[in-house]
Amino acid sequence: MKRTTLSLIAVATALAAVTGFASLTAPGDTAPPQAKATTRLPVERAGLVCPAPSTSEVGETLYTSYTPPGTGAGTGTAAGTGTPNQGKAEQPTAQLRPAASTTTSGGTSQTGKKPKAPKIPATVTAPGKPVTAEADGPAVPALVGSATGTLAPGWTVQQSTVVPAGGASGLLGLSCGAPDTDFWFPAASTAKERQDYVHLTNPDDSAAVADVELFGPEGPLKSQFTDGIPVPARSTVPVLLSTLTGEAAQQSVTVHVTTRSGRIGAAVGAADDKLGSDWIAAAADPASRAVLPGIPADATSVRLVAFAPGHDDADLKVQLVSATGTIVPAGAGSLHVKSGMTASVDLPDLTRGEGGSLLLTPSDPKKPTPFVAALRVVRGKGANTEIAFVPAAAAISGRATVADNRAKASTLFLTAPDAAAQVKVTASAGSGAGTPVSRTVTVKAGTTTTLTDLVPEGLKGSYAITVEPVSGGKVFAARTLALPLDGTPMFTIQTLVDDRGTVEVPTAHQDLGVLD
């Protein structure tokens, strides 16, 4: 009888690199888990979902795809709906599956045009250089993508859409997100002047079922869809929020998206007849404090929206973290959020010409209550206004990247609300040309630092910005992209989300004996 020894570390490492988690438990082991030595390895596969960018006839979308340089786990390519292929380059593809809410029985869009796949982000063949592609008009589909091997860690795709005319013109920007099962979107609306759609995109080969809950100032809004919303395989379903409930229109609502089965990507496209349009990205998970980075210095209106999903009310202290320090806004230093209800407050003259980030903490440190939050930010006045949204962000733990930055148009916000910190900021090569540049930036405790001058040498095209913590306290970051058009200060804000480019796996071997 032979005894074969199997090393579980190899199995765990492979599982973790692909799925993002792994654990080891010996058969019959009922003892509490003990701390194990671990190491971090690059992920081997990453997936992203981009919603359909626009229904406007004049919408112009630019996709930017980028993987930051670093040590990868293997070979591969980044491609739309691609699969690993042992390093063989694959041309990215996009597959449009018209949803019932946007098509007729004849398979045509609401504009009457046959949907067709546009050009989408070109294949990333090497880390360190962004690639771009354009897609115009209302028939641009949602995209699902994957990256493998050395291109998986940190892979980022940005979609930026300019709608130059119409009732809800504007610059709509979104960092395409990873599929998941739970999303929070404060600052949405069912008001008459708003047309807010939640876009549910299924990247997988099996159907998913999603639930969309709405919470207004008085609590849950009764839904007309009690059996969930089916999202067929590799398809997208945009749902107009105001059609989900028969209750009166609400200026501020919180949207909670979950799945009963499968996983999806989710984002809210918000269009205001008077103020403009942009995407609302998912907020950070409920927590007892929040940082909302990236409020422009010239913001003319800022509205804070928060929601407490638990059984307890949340009493929040509101502070602005600016370049000179942390201050309490005049007349708006607190917010009471009732359990299960959406609370909002306008913050007039918040920035006073000095950009920064909003910090929300418990009014009583002994009574922390989880909540979610987001900001609606307005620039401009009169007929020349534009809106953007800032969801609560998580701190950057390893590395974060935002693509589609442009010379004299991008501003990076770095906030250290607690302790001083140092971060390494890198501007990548340009999509057309340019040499990467890096800088170590020190952010003083309780302040926000802004960068506008970190641009690749000899830049042609757009570039990516990557932020990596070096030392000190937690850092939160956001990027504003401003593209003025005909007197309208068009802009969009993206918070920087940790790219999860590495995963923690055990380093110690644990062997099991297998009898042959």
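These are my notebook entries on salt bridges, a disulfide, nonpolar cores and one threonine in this structure.

**Entry 1: before starting**

I am working from a predicted model, so I keep that in mind for every entry, since local features here need pLDDT of at least 70.

**Entry 2: salt bridges**

I began with the charged pairs and found 11 salt bridges in the structure. I looked up three, starting with R40 and E504, whose closest N and O atoms are 4.0 Å apart. Where do R40 and E504 lie? R40 belongs to strand β2 (residues 38-42) and E504 to strand β38 (residues 502-506), so this pair ties together parts that are 464 residues apart in sequence. I then checked accessibility: R40 is partly exposed at 47%, and E504 is partly exposed at 45%.

Next I turned to R260 and D211, a salt bridge with its closest N and O atoms at 2.7 Å. This pair also links distant parts of the chain, with R260 in strand β16 (residues 253-261) and D211 in strand β12 (residues 208-216), 49 residues apart. Is D211 buried or exposed? I noted a relative accessibility of 18% for D211, which counts as buried because the cut-off is under 20%. Its partner R260 has 47% and counts as partly exposed.

My third pair was D404 and R406, which form a salt bridge with the closest N and O atoms 2.9 Å apart. D404 has 0% relative accessibility and is buried. R406, at 23%, is partly exposed.

**Entry 3: the disulfide**

I searched for cysteine pairs next, and the count came to 1 disulfide. It joins C50 and C176, with their sulfur atoms 2.0 Å apart. Which hand does the disulfide have? The torsion about the S-S bond of C50 and C176 is about 115°, so I wrote it down as right-handed. The two cysteines connect distant parts of the chain, 126 residues apart: C50 sits in strand β3 (residues 45-50), and C176 in the loop between β9 (170-175) and β10 (182-188). I also looked at burial here. C50 is buried, with a relative accessible area of 5%, and C176 is buried too, at 7%.

**Entry 4: nonpolar cores**

A reminder to myself first: in soluble globular proteins, nonpolar side chains tend to be buried together. How many residues does the largest nonpolar core have? I found 31, and the residues with the most contacts inside this core are F185, V198, L200, V212, V255 and V257.

I picked V198 for a closer look. Setting aside residues up to four places away in sequence, V198 touches V212, V237, P238, V239, L241, V257, A267 and V268. There is also a second, separate core of 30 residues, and among its members are A343, L347, F371 and A388.

**Entry 5: T447**

My last stop was T447, in strand β33 (residues 447-451). T447 has a relative accessible area of 8% and is buried. What does a polar atom of the T447 side chain lie 2.7 Å from? I traced it to the backbone oxygen of K444.

I then listed what surrounds T447. Apart from neighbours within four places in sequence, T447 is in contact with V321, S322, A323, T324, G325, L414, T415 and A416.

How values were computed:
Residues numbered from 1 in each chain as written. Predicted model: local features only at pLDDT ≥ 70, side-chain atom pairs only at ≥ 80, totals over all residues. Heavy atoms only, no water. Salt bridge = Lys/Arg side-chain N within 4 Å of Asp/Glu carboxyl O. Helix = DSSP H or I, 4+ residues; strand = E, 2+ residues; numbered from the N terminus. Buried < 20%, exposed > 50% of the residue type's maximum accessible area, 1.4 Å probe, protein only. Disulfide = S-S within 2.5 Å. Core = buried A, V, L, I, M, F, W, Y, C linked by side-chain atoms within 4.5 Å. Contact = heavy atoms within 4.5 Å. Polar contact = N/O pair within 3.5 Å; in protein donor to acceptor, adjacent residues only side chain to side chain.
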